Amino acid sequence: TSLGNEASSNRVFLLQGNIKAAFSVMAMREHKKMLQEMKMKVDVDPRATHNIAVTLSDTRTNLSLTDAVVKMKVIDPKGKDQVKLLDFIAGMNQYAGDFTLSGKGRYQVLILFKSDGKKGAAGFYYLLK
């Protein structure tokens, strides 16, 4: 992967079993602004600096997986991790969680998910500049 990609806040991966995972990393103030514009009432973690969301879809049917259980782990540049069960945001067909990215550096973002009895995993490095 090139460094340019690591700093990108939107990433898409094709996983086993025809699953597409599309990730989005958003600074909290942008996230709150977007929620207001969409008139969505979502409680955000007051200490969090970023919202990280993932949309899971089946590439054969192009339908979103709306019944998955998704756990996300974010490991900071010092090796400290945060693990959260993501909430499903129905209006956006995505699973999202609030995380604290404490400073500049390279973070590892990982998900484990289960849908229809099948398990999957995805992950990437995110460079916070």
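# Strands, core and salt bridges

Visitor: Over how many bridges do β8 and β9 pair?
Guide: Strands here are DSSP runs of E with at least two residues, helices are runs of H or I with at least four, and both are numbered from the N terminus. Two strands pair if DSSP finds at least two bridges between them. β8 and β9 pair in the antiparallel sense, and their number of bridges is 11.

Visitor: What pLDDT do local features need in this model?
Guide: Residues are numbered from 1 along each chain as its sequence is written, and side-chain values use heavy atoms, with hydrogens and water left out. The model is predicted, so side-chain atom pairs count only at pLDDT 80 or more, totals for chains, interfaces and linings use all residues, and local features need a pLDDT of at least 70.

Visitor: Where in the protein chain is confidence lowest?
Guide: pLDDT is the predictor's confidence in each residue, from 0 to 100. The chain has a mean of 91, and 97% of its residues reach 70 or more. Where pLDDT is low, the predicted coordinates should not be read in detail. Confidence is highest in β4, at 98, and lowest, at a mean of 66, in residues 3-6, helix α1.

Visitor: Which residue in the turn between β8 and β9 has a positive phi?
Guide: These two strands form a hairpin, with 2 residues between them. Within the paired strands, Ile111 has Ala122 in β9 as its bridge partner. In the turn, a positive phi of about 50° belongs to Asp116.

Visitor: Which strands stand at the edges of the open sheet?
Guide: The open sheet has 5 strands in the order β1-β2-β3-β7-β6, with antiparallel pairing. An edge strand has a single partner, so one side of it is left without a neighbour in the sheet. The strands in that position are β1 (10-15) and β6 (87-89).

Visitor: Which residue of β3 stands opposite Ser24?
Guide: β2 and β3 pair in the antiparallel sense over 9 bridges. Opposite Ser24, in β3, stands Ala53.

Visitor: At about what angle does helix α2 run to β2?
Guide: Axes are lines fitted to C-alpha atoms, for helices over the stretch in contact, and angles between N-to-C directions run from 0 to 180 degrees. Helix α2 (residues 28-37) lies across β2, β3 and β7. Its angle to β2 is about 105°.

Visitor: Is Arg29 buried or exposed?
Guide: Buried means under 20% relative accessible area, exposed means over 50%, and partly exposed is in between (1.4 Å probe, protein chains only). Arg29 lies in helix α2. Its relative accessibility is 68%, so Arg29 counts as exposed.

Visitor: How many residues does the largest nonpolar core have?
Guide: A nonpolar core is a set of buried Ala, Val, Leu, Ile, Met, Phe, Trp, Tyr and Cys residues joined through side-chain atoms within 4.5 Å. Those with the most contacts inside the largest core are Phe23, Val54, Leu56, Val70, Met72 and Ile111. At least two core residues come from each of β2 (19-27), β3 (50-58), β4 (69-75), β7 (94-99), β8 (105-115) and β9 (118-128). The size of this core, in residues, is 25.

Visitor: With which residues is Ser57 in contact, leaving aside its neighbours within four places in sequence?
Guide: Contact means heavy atoms within 4.5 Å. Ser57 is found in strand β3, and at 7% relative accessibility it counts as buried. With neighbours within four places left aside, its contacts are Asn18, Ile19, Lys20, Leu63, Ser64 and Leu65.

Visitor: How far apart in sequence are the parts that Asp45 and Lys84 tie together?
Guide: A salt bridge is a side-chain nitrogen of Lys or Arg within 4 Å of a carboxyl oxygen of Asp or Glu. Asp45 and Lys84 form one, with their closest N and O atoms 3.6 Å apart. Asp45 lies in the loop between α2 and β3 and Lys84 lies in strand β5 (residues 81-85), so the pair ties together parts whose separation in sequence is 39 residues.

Visitor: Which residues are linked with Asp45 in a network of salt bridges?
Guide: Asp45 counts as buried, at 19% relative accessibility. Lys84 counts as partly exposed, at 25%. The residues linked with Asp45 in the network are Arg47 and Lys84.

Visitor: Which residue meets Arg60 in a salt bridge?
Guide: Arg60 counts as exposed, at 59% relative accessibility. Its partner counts as buried, at 13%. The N to O distance is 3.3 Å, and the partner is Asp58.
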